[in-house]
Amino acid sequence: MSESYIEIERHRAAIVRTDLSRPVRLAIEWAILNKDTTFFDYGCGYGGDVERVANLGYTSAGWDPYYYPDRDRIISDVVNLGYILNVIEDPKERCQALLTAWQLTRKVLIVAAQVLINAPSRNLIPYGDGVVTRHNTFQKYYQQEELKKYIDETLNVDAVPVALGVYFVFRDEAEKEAYKAIRFFSKNSTPRIRIPVKRFEDYQDILQPLMAFYTKRGRLPVKSELVNEQELLKEFGSFRRAFAVVLQVTDEAEWDAIAYRRSLDIQVYIALTHFEVRPAWQKLAPEMRHDIKAFFGNYEEACQVADDKLFSLGKPNVVKAACNKSKVGKHTRGALYVHVSALCELDPLLRIYEGCASRTIGRVDGASIIKFYTDQPQISYLFYPDFDTDPHPALKASITIDLKTLSITHRDYENRANPPILHRKETFVTSTYSLYEEFTQLTQKEQQLGLLKQKSDIGTREGWAKCLLEHGVEIRGHQVYRI
């Protein structure tokens, strides 16, 4: 069929949503979009995101050429161009939409488009640089890196990958680097009060912001960084004296561990800037500059330490040795499997290695397990949506990144009758995971009953069902019952 006989009905690509779209949800989760920012949805379709963002108490507006053509296009802090580029069949108009959305952006532009791994395989008619769907809508399916290149070259920017098919484009370089860094920050809990001391109890309210700051940054604040700075300094004279009171009632080793983890977080961030134009010292956010001074003395030293770790990954067997030595995760002959919650507990070499993969795709939304291959330069993200609730969850999908080519392979297991399943879930997480004890008790019971002996037979749903039947047991929740 000739393209001239196809009438593209672009408006039919709009989706009726029951929740926030993925790009907008990610912007809220990363605090890019918050109550202090204004939001505008460029090409808002039915207006679902505009309404839900407004319901959260944010300033929200939108425009759409078909559904809301008479609304004003408003300059806003955060602008969303969500799944618009992929439905515009005219390349010039597509480019103009991106440029116009950027012109409306005061702080951050969210750009999202369909990526190739989501493309259906049948009932598509080639049209221009994309295809026509059975609904007479146009779709261009991008490669992840192709989408970044298009955004970067059109706007003369460096778009930051957030997830597959989702990018943030920052106006301010320091804000961009602060966002890129915080993605690698490990989560820390404030050390608990162990020894009640009256002096601490008397000043606990004004000491809490200081404790929260140290928990987040791993260091004491400098001038103008703490919200109640004047009140605290009036009472104690210095941050160090104030923190000395905190150390009287808490375990100093726990604070040291927080500082150490934060220094490793910064090493991971700096190491991965090597793949781009490494930001100049002045382009870093002030908080990051203070972090680097506190942990490394100067930027040059921090870069040297980070680069040494990065370059060591190119040596033979370094990754394999780091995987084999890891006290976190499940070891197999050819891989190390780690739950996403435990990523920050790994050797910084492995965190940098994983960052080499995820830097191209951002956060792999919904992934449960990260698989580090020890015999080839690959990392896989495995999706087990029922990891917490199902005692032996089935694999729903996987995304594998080749570290040499940065090519992405997606496999869908959702409709397979006999998908792989997990056992010994406690081995993937750390002992601080909320369900660790529950997982451990289930494994111990299964071992006692001899259920885990035939490893090659129980790795799939059908094989496990046969094993349970042979042993006359069933599992409900994380409990084992005789039948």
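What share of the contacts in the chain with a separation of 6 or more comes from residues 24 or more positions apart? In this predicted model, the figure is 62%.

On to the overall build. The chain's secondary structure adds up to 16 helices and 17 strands. Along the principal axes, a box of roughly 80 × 70 × 45 Å holds the C-alpha atoms of the chain. For 483 residues, a compact globule would be expected to show a radius of gyration near 23 Å, and the 26 Å of this chain agrees with that. Of those 483 residues, 49% are buried. As for the outside, the accessible surface of the chain is about 24,500 Å², and carbon and sulfur atoms take up 48% of that area.

One helix pair is worth a closer look. Two packed helices can be described by the distance between their axes and by the angle the axes make. Here the pair is α7, covering residues 204-217, and α10, covering residues 252-272. Their axes come within 7 Å and cross at roughly 40 degrees. Since angles under 35 degrees count as roughly parallel and those from 65 to 115 as roughly perpendicular, α7 is therefore oblique to α10.

Which residues meet where α7 and α10 touch? On the α7 side they are M211, Y214, T215, K216 and R217, and on the α10 side W255, I258, A259 and R262. By character, the residues of this contact split into 5 nonpolar, 1 polar and 3 charged.

Methods. Residues numbered from 1 in each chain as written. Predicted model: local features only at pLDDT ≥ 70, side-chain atom pairs only at ≥ 80, totals over all residues. Heavy atoms only, no water. Axes fitted to C-alpha atoms, helices over the stretch in contact; angles between N-to-C directions. Helix = DSSP H or I, 4+ residues; strand = E, 2+ residues; numbered from the N terminus. Parallel < 35°, antiparallel > 145°, perpendicular 65-115°, else oblique. Contact = heavy atoms within 4.5 Å. Nonpolar A, V, L, I, M, F, W, Y, C, P; charged D, E, K, R; others polar. Rg over C-alpha atoms; globule rule 2.2 N^0.38 Å. Buried < 20%, exposed > 50% of the residue type's maximum accessible area, 1.4 Å probe, protein only. Areas by Shrake-Rupley, 256 points an atom, 1.4 Å probe, with all protein chains shown as cover.
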